[in-house]
Amino acid sequence: MVIQMVDVKSQYLKIKEEIDRGIQEVLNTTAFINGPQVKKFQLEFESYLNVKHVIPCANGTDALQIAMMAVGLKPGDEVIVPAFTYVATAEVIALLGLIPVMVDVDADTFNINIEGIKAAITPKTKCIVPVHLYGQAADMEAIMKIAEEYKLWVIEDNAQAIGSDYTFSDGRKVKTGTIGNIGCTSFYPSKNLGCYGDGGAIMTNDDALGALLHKIANHGQSVRYYHDVVGCNSRLDSLQAIVLSAKLPHLDEYCAARIKVADYYDAAFVSVDSLVTPYRAPYTTHVFHQYTLKVKNGKRDELKKYLDAEKIPNMIYYPVPLYKQEAFKASSDGLEYLENTEQLCKEVISLPIHTEMDEEQLAYIAEKVIAFFN
Ligand SMILES: *Cc1c(COP(=O)(O)O)cnc(C)c1O
C-alpha cells in the first residue's frame, strides 16, 4: 500500500478544473505579479478570517519578518518564543538583530508555557510570538493578558493552525491569527491551506499596522518610487492566488477531514500504553496540521526505524530544541535545558495525516503501529 505523509495531488484532482482554468487565465493575461487574482484572494481571506486586513506575501518566514519590522523593534530588544518550534520563528528575530528568548512549552499542548513567559520578561522584552503548533492555538487569552499588563506586542505564528477557532472565556469565538496585534501564516504546499509554490500572509485588525505592513512588504512605498520606510520585496504571485482562491472555500472541509483522521488514530491507540495521543485544549479547535504522538519508555527511535522499514512515512517535528541549534547557540544566552522541550524532542513522532486519507490506509497504519508494541 502506498501511503504518503501528505497527498497534495489527490486533493488537486478534485478541484483541477477550476485551478487549471484560473491558471490559464493568468497565462492569457500575463498579469503574473499583482494581478487582480491577488486582490480577490486577499478580500476572500479577510472575509473568511473576519479580519480587517490581510497582506499577502511571499512566504510565512517573510510574514514573520515583516510583522516584526512593522512593530518597530530595535536591535537588542527581546522577543519571547517557544523553544519547541520550527526554526523560522526564531530565525527572523535573530536576523533583525533582536534577541530570541526561548521559553519552555507545555508537555500536553506542545505550546508555549504561560508561567515561562512571565518568568522570561525583562525591561528589554518587547514582543511575544506564540506558535500554534501542530494545529491548535496557544493559550491566547492568558498571553493577551500578559501582553496588556507589560505592554508587549503579540505576533501569532499561525502557519500550522489556519482555520482553527479560538474561544475566549466569555464565549467570544475568533479565528486564530486574528487575536494578537498581528498574525502570520504560510501557504507552503503541505500546510493546511497550501498553494503550489511559496506563499504567505499577514493579518491584523489595526488600520495603521495594516497600512504599514502593506508598505513594508512593497519596498516601503505606498506611492510608487516614494519610499517612506525601509521595506522588502515580498509578494504573493497571481498563480498562487488562483490556487488559494480555489482551495479556501474547502478549508473547513479540509480541517474536518484532518480531525476525522485524528479521531481514528486516537481510537486505535487508546489501549497502547506507550503512546500518548494528542491532547485537545478546550479553548481551540485542533485542525491537526500534524498528528503527533508521544512515545514513552524510550521507544521513539525504535518505532521510527520500524515504520521506515515498513514504508510508513513518519516525521520527527522537531528533533532538537532551538537553543541547541548551532545557529542559535550565541543568541540563546547560555540557556541549555528546558525540561518539556528536551523530553518532547526525544518522544514525539508524527504520522501521515492529510485530507485524502481513507480508512484502508488508516487501518493499515494503525495495525502496524500497534503490532510494534505487541
Ligand atoms: C511553515 C512554518 C513557517 C514558515 O513558513 P514558510 O512559508 O515555509 O516560510 C513558520 N512557522 C511555522 C511554525 C511553520 O510551520
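The largest pocket of this structure encloses about 530 Å³ of space. The model in which this pocket is found is a predicted one. Rolling a probe the size of a water molecule over the atoms reveals where empty space remains.

The wall of the largest pocket is formed by 29 residues. Those nearest its centre are Tyr 86, Gln 160, Tyr 188, Lys 191 and His 289. Several elements of secondary structure take part in this wall: helix H4 (60-70), helix H5 (88-95) and strand E8 (182-186) each contribute at least two lining residues. The lining also draws on two domains, for domain 1 (8-249) and domain 2 (250-373) each provide at least three of its residues. With regard to chemical class, the lining of the largest pocket comprises 14 nonpolar, 11 polar and four charged residues.

Attention may now turn to the second largest pocket, whose volume is about 330 Å³. This pocket is lined by 13 residues, and Asn 34, Val 38, Pro 56, His 214 and Asn 218 are the closest to its centre. Helix H3 (36-49), strand E1 (53-57) and helix H8 (207-217) each supply at least two residues of the lining of the second largest pocket. Among the contributors, H3 accounts for the largest share, with three residues. Sorted by class, the lining of the second largest pocket contains five nonpolar, six polar and two charged residues.

Terms used: Residues numbered from 1 in each chain as written. Predicted model: local features only at pLDDT ≥ 70, side-chain atom pairs only at ≥ 80, totals over all residues. Heavy atoms only, no water. 1 Å grid on protein atoms, 1.4 Å probe; cavity = no way out; pocket = protein on both sides within 12 Å on 5 of 7 lines; lining within 4 Å. Points joined across faces, edges and corners; volume = space filled by probe spheres on them. Helix = DSSP H or I, 4+ residues; strand = E, 2+ residues; numbered from the N terminus. Nonpolar A, V, L, I, M, F, W, Y, C, P; charged D, E, K, R; others polar. Domains from an automatic or database assignment.
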